[in-house]
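Trainee: Got a minute to go through this one with me? I'd like to begin with the aromatics.

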Amino acid sequence: MKARTYLDVFVVCIATMVLTACAKTGTSAAKSDVDMSIDVAIYSLSETDSAQTSVYPCLMEERVTVQSLCRYADDDNSVTVPFYFSDKKRYEEITRQHIGKRIAISINGQIVSTPVVQMAIENGACSVVLDDSQLATFFY
């Protein structure tokens with residue numbers, strides 16, 4: 001019974017993250033449909049003092065489809081790019097093993113984000129925030 005309660009809480013957290021990927025409180029997002037494929041890879045990072053060094057080999061690499069881009073009215077300089085990994089099990093393993101640690105996310109071979117993993121993600125959901133120059137590189 002206890003495991004079921006934790007699962008319910010986890011499902012609610014994931015649903016909330018997905019629903020808020022393109023919505024912020026009090027603001028609206030301008031969505032652009034793109035329907036493009038990009039190559040996304042995840043690397044572990046080792047942190048030494050203030051420097052971050054990528055650790056190879058790559059933990060996961062997959063071609064994903066980005067269906068839309070979200071630009072918020074209060075932040076004209078960045079765009080949220082949501083997508084899903086099809087290998088959900090591998091992505092869950094990686095996020096579970098790296099809770100509290102930093103990972104690197106690359107698009108088409110270029111590292112664009114280095115978030116700290118907060119929780120294991122079971123549904124394959126991921127997103128990155130790109131500035132306008134990165135957006136032009138990958139999507140236009």
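Trainee: So how many aromatic pairs does a search of the whole structure find?

Mentor: Two aromatic pairs turn up. Keep in mind that this is a predicted model.

Trainee: OK, and how do people describe a pair like that?

Mentor: You give the distance of the ring centres and the angle of the planes.

Trainee: Then what are the numbers for Phe-83 and Phe-85?

Mentor: Those two rings sit 5.5 Å centre to centre, with 85° between the planes. That pair is edge-to-face, because planes over 60 degrees apart count that way.

Trainee: And what kind of pair do Phe-85 and Tyr-91 form?

Mentor: A tilted one: the centres are 4.7 Å apart and the planes make 40°. Phe-85 takes part in both pairs, and the ring pairs link Phe-83, Phe-85 and Tyr-91 into a cluster.

Trainee: Are Phe-85 and Tyr-91 buried or exposed?

Mentor: Both are buried. For Phe-85 the relative accessible area is 1%, and Phe-83 is buried too, at 2%.

Trainee: Switching topic. What does the secondary structure of the chain come to?

Mentor: Three helices and six strands.

Trainee: In what pattern, reading along the sequence?

Mentor: It goes α-β-β-β-α-β-β-β-α. In other words, the chain starts and ends its pattern with a helix.

Trainee: Which helix is Gln-134 in?

Mentor: Gln-134 is in helix α3, which covers residues 132-139.

Trainee: Why does Gln-134 count as buried?

Mentor: Because its relative accessible area is 18%, and the cut-off for buried is under 20%.

Trainee: What does Gln-134 touch, leaving out residues up to four places away in sequence?

Mentor: Val-112 and Val-129.

Trainee: How far apart are Gln-134 and Val-112?

Mentor: They are 22 residues apart in sequence, and in space 8.1 Å separates them, C-alpha to C-alpha.

Trainee: Zooming out, what share of the chain's contacts join residues at least 24 apart?

Mentor: It's 65%, counted among contacts between residues at least 6 apart in sequence.

Trainee: And what percentage of the residues are buried?

Mentor: Buried residues make up 36% of the 140 in the protein chain.

Trainee: Last one: how much area does the chain expose, and what do carbon and sulfur atoms supply?

Mentor: The chain exposes about 8,300 Å², and carbon and sulfur atoms supply 52% of that.

Methods: Residues numbered from 1 in each chain as written. Predicted model: local features only at pLDDT ≥ 70, side-chain atom pairs only at ≥ 80, totals over all residues. Heavy atoms only, no water. Helix = DSSP H or I, 4+ residues; strand = E, 2+ residues; numbered from the N terminus. Buried < 20%, exposed > 50% of the residue type's maximum accessible area, 1.4 Å probe, protein only. Contact = heavy atoms within 4.5 Å. Areas by Shrake-Rupley, 256 points an atom, 1.4 Å probe, with all protein chains shown as cover. Phe/Tyr/Trp six-rings, centres within 6.5 Å; stacked < 30°, edge-to-face > 60°.
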